[in-house]
Amino acid sequence: MSDLDAELVPLPPRYRFRDLLLGDQSFQNDDRVQVEFYVNENTFKERLKLFFIKNQRSSLRIRLFNFSLKLLTCLLYIVRVLLDDPALGIGWAPILWVERKTALWAIQVIVAIISFLETMLLIYLSYKGNIWEQIFRVAFILEMINTLPFIITIFWPPLRNLFIPVFLNCWLAKHALENMINDFHRAILRTQSAMFNQVLILFCTLLCLVFTGTCGIQHLERAGDNLSLLTSFYFCIVTFSTVGYGDVTPKIWPSQLLVVIMICVALVVLPLQFEELVYLWMERQKSGGNYSRHRAQTEKHVILCVSSLKIDLLMDFLNEFYAHPRLQDYYVVILCPTEMDIQVRRVLQIPLWSQRVIYLQGSALKDQDLMRAKMDNGEACFILSSRNEVDRTAADHQTILRAWAVKDFAPNCPLYVQILKPENKFHVKFAEHVVCEEECKYAMLALSCICPATPTLITLLVHTSRGQEGQDSPEQWQRMYGRCSGNEVYHIRMGDSKFFREYEGKSFTYAAFHAHKKYGVCLIGLKREENKSILLNPGPRHILAASDTCFYINITKEENSAFIFKQEEKQKKKGSAGQGLYEGSSRLPVHSIIASMGTVAMDLQNTECRPAPSGGGSGGSKLALPTENGSGSRRPSIAPVLEVADSSTLLPCDLLSDQSEDEMTPSDEEGLSVAEYVKGYPPNSPYIGSSPTLCHLLPVKAPFCCLRLDKGCKHNSYEDAKAYGFKNKLIIVSAETAGNGLYNFIVPLRAYYRPRRELNPIVLLLDNNLDSLLQCGIIYADNLVVVDKESTMSAEEDYMADAKTIVSVQTMFRLFPSLSITTELTHPSNMRFMQFRAKDSYSLALSRLEKRERENGSNLAFMFRLPFAAGRVFSISMLDTLLYQSFVKDYMIPITRLLLGLDTTPGSGYLCAMKVTEDDLWIRTYGRLFQKLCSSSAEIPIGIYRTECHVFSSESQVSVSMGDREDAREAKGPWGSRAGPGGGGGAHGRHAVGGDSAEPPLLRRKSLPWARRLSRKGAGHTGKAAAEWISQQRLSLYQRSERQELSELVKNRMKHLGLPTTGYDEMNDHQNTLSYVLINPPPDTRLEPNDIVYLIRSDPLAHVASSSRSRKSSCGNKLASCSPETRDETQF
């Protein structure tokens, strides 16, 4: 053991325990070397340089002291002149010698010594090897002229009365002022306006010229007329202003020479200063200057950040933003990196906008530009993407960086961000409000396949309007359509509302119906005080509380409405609310009438409480005719809407069960197709931030090879849509690429609340040539959706971005006129080219109406274009107003997302549609329909999509109604009926004289034999009537010939592809109808056949969790009897 201990080598001192605790002192003392840095700054010269030059704050103090010293010397000179009494006479003595008091001389000597020492010290500190550069500086020469003579007089007393031009120190004071301003900017780390600096320098230059001239002429005229200082100042002002009265003139040649020199100097110096000032002014006009800190603290402003500012975007923002009364005192600061174009400049020069809009050229990524815009004091910041960019992902990247920069600079400023691609949305989720363009676009396009004209409905809802558009038009549909377009979504606390306060403790459905009956407002949703989620139509089991926030649709908000109480006291005295309330027009229970809405009375009879009809006939249908009808001369009654929900009066399948459960026992015919779906959430999300939605899914994921419709695989051999044998009509989506946005197109069409047997097959078409259209089954399609073609985005001409989309849609419209085509454009002004007809007089009349509405200041001038009114086309830029309105209505984005199906909040309803058939016309009015839906299925109607025949009323249009055309055809002989819808429709005035001028020569040659036969058949008609009849029939033949050529073209391609031609309907042209949207029409609006009513249906799963399994199963058993009729009445 001792041997082992002897062999152990002792640890080195560095590893001993004591050294590990205390450290190796010898190592620290021997190896470490202390290094001092910047020892060159410890010298006396460097310390002086740091104090006088480098340090901004100390240097600023030195500059201020120097400036004050120079002003003091000029003031002492003026004092010396006032105390001077020169001897009279002509000669050099009064010019060279002056009278200087001893006290004044002593002060001037002290000031001169201080100035001299300071100048020499600065020369020493700024010396860099070239002494002559420092000596021959103008400032140094002037300093020596004004200081050295005073120092010499200390040692030579006879020179104490020698004249010294101390007034030249004004130029040194000007130089010190410029340096002081520069140091001031460096000290506070802020850049003052260059325009202010240049104006200050120009003013100082003028002041120095006038002061130098005044002092010089006064001193030289001591040998002449002995002018006073004031007289010399008067002479300089008159001379420099080029007035030249001539009452005061210099008498001796030295003063005359000085005047000449001063004028020459002014002619050289002042133009240079003015040139610099004009240049800065022009640059300021381009960059926009600054928004002052004082204004930012006393006034309210918002900032608009864009990549490039176009006139359309600017006017949309300004018109929508300033449409709200509470925003009239706000200022808009535009921050844009590009130079203002001519159109924007002209608009911002209008007094209406020039006082409220400030344009700043700068980047949101620079803190200096954000400071110029006073971002930290802004009420909000709107960041918009450039949708005209070819690469939309790059545009989103720029938007994301701007949002990050603003959030970093001003974390308390609310952000309103627009994103183009949904996959980039999660980068800006910190923003208060975010609108994703592709999400909304695809959701609206998808919903338009189920609820027609959904884009038009949403666009009208989010635009601010007074409903005055089209009120001067002779067309009835334009007046009604324009008035209903003024409806918007508003909110109010229920306890503070005159609309809804009386319904506290009542069901939501009861409040919605009675508020619509009494006031004409449509209650669509609410928000609990303890819950931040907005619920659309929470159902009749939701009891209203005073703290609820109600959301309603109306022409104006309640605070801006006037109430005229006429019969309230009379109704209170009667006290019999259950009697016949609607027995006569003189006894209508209109408690309050909104001044802007007019009469909102309803024509309902005998609405006393009675049990709901059950059993037999159409008892399960929502709109079915009731079996008990009192007297035969009276219209059928409708069950009243109960204050508290009663399950016996409601269709259980609409509230407590899944609407697709009626297919749990399918028929043999459709058993296979129905059993293919299961309900669940999509297993894969295409991007972060997508809202989970319960959907109909396939139980097993389909192989990728089976997704190609035009190519067979080992699983099936189908190569066209006809071979698949789809039960329902197709929905075709024509797009360039299958982007992530298509997820938002598919989800609303496969949502769990859509009945399974109404699910339409979706076909994605990436190439829209004729062969591809025919192979994908366009003749079996119900809707064709054309997505904006991104490849045509061009920075050279923005308005040509829609060229490819417009031409493609026009081609499909001509080939398949009966097909419902919906598309989206970049620019709203291009909607006039959709379904374009060059000789259509009615379209020309609508164009004139649009221009007139735009001149009247309407924000919805494009609304009367037939494709937009019918929901066939929309522009996603119209939804920019959704972001702007969120500044005042922070609930608009959540409500819009709920309506579009982008978000699914538990307990919130969804948007759907129901078609009014001939059997439903017994209801007669929209108000009675409102009551029927509320009492039977707890659905809230919000509008009507109406389709009617053309009825031309403009005197400038050569057209007739469809009924007159049909009568004329029957009276004119067989050719009139044979022309049919292909040529005799004439829906848009295509029978006008000269309408055949655009026909190709081939069609004219082919139609010549038909025209000869027509002339022989019409030989019996004489006079003007016969000629008119022949011209009309000739035009119809021309149109028929064009349709025949197009039909032959399509059929030949179908035969070439091996497709059957039986499904191609070549003559079904719907040009004789127009469609439009009526939002929240008055209750007395008459229902018409084929009206499609927009409904907000309550969530079918809202109460499933709280219901027992037995009730759910019993409801499922009742579905077989009540649901088929309901589904037949509800057509999508």
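**Figure 1. Phe 136 is exposed, with a relative accessible area of 58% (buried means under 20%, exposed over 50% and partly exposed in between, for a 1.4 Å probe and protein chains only).** The model is predicted, and its local features need a pLDDT (the predictor's confidence in each residue, from 0 to 100) of at least 70, while side-chain atom pairs count only at pLDDT 80 or more and totals for chains, interfaces and linings use all residues. Residues are numbered from 1 along each chain as its sequence is written, and side-chain values rest on heavy atoms, with hydrogens and water left out. The structure holds 32 aromatic pairs (rings of Phe, Tyr and Trp, the last by its six-membered ring, with centres within 6.5 Å; stacked if the planes are under 30 degrees apart, edge-to-face if over 60, and tilted for the rest). One of them is stacked and joins Trp 132 to Phe 136, at 5.8 Å centre to centre with 25 degrees between the planes. Trp 132 is likewise exposed, at a relative accessible area of 55%.

**Figure 2. Phe 382 and Phe 887 form an edge-to-face aromatic pair, 6.1 Å from centre to centre and with 65 degrees between the planes.** This pair links distant parts of the chain, 505 residues apart, since Phe 382 belongs to strand E4 and Phe 887 to the loop between helix H33 (880-885) and H34; helices (H or I, at least four residues) and strands (E, at least two) are DSSP runs numbered from the N terminus. Phe 382 is buried, with a relative accessible area of 0%, and Phe 887 is also buried, with 12%. Ring pairs connect both residues into a cluster whose members include Phe 317, Tyr 416 and Tyr 884.

**Figure 3. Asp 548 and Arg 528 form a salt bridge, with their closest N and O atoms 2.9 Å apart (a side-chain nitrogen of Lys or Arg within 4 Å of a carboxyl oxygen of Asp or Glu).** Asp 548 lies in the loop between strands E9 (534-536) and E10 (549-554), and Arg 528 in the loop between strand E8 (522-527) and E9, so the pair ties together parts that are 20 residues apart in sequence. Asp 548 counts as buried at 0% relative accessibility, whereas Arg 528 is partly exposed at 22%.

**Figure 4. Asp 1091 meets Arg 946 in a salt bridge of 2.7 Å, N to O.** Because Asp 1091 lies in the loop between E20 and E21 and Arg 946 in strand E19 (residues 940-949), the pair ties together parts that are 145 residues apart in sequence. Asp 1091 is buried at 0% relative accessibility, and Arg 946 is buried as well, at 3%.

**Figure 5. Lys 425, Glu 439, Arg 897 and Asp 903 are joined into one network by salt bridges that share partners.** Within this network, Asp 903 and Arg 897 meet at 2.8 Å, N to O. Arg 897, found in helix H34 (residues 892-900), is buried with a relative accessible area of 11%, while Asp 903 is partly exposed at 24%.

**Figure 6. Residues 1105-1132 keep a pLDDT under 50, although the model has 52 contacts (heavy atoms within 4.5 Å) for them beyond four places in sequence.** Where pLDDT is low, the predicted coordinates should not be read in detail. Across the protein the mean pLDDT is 75, and 73% of the residues reach 70 or more. Among its elements, helix H37 (residues 974-983) has the lowest mean pLDDT, at 35, and strand E4 (residues 380-383) the highest, at 94.
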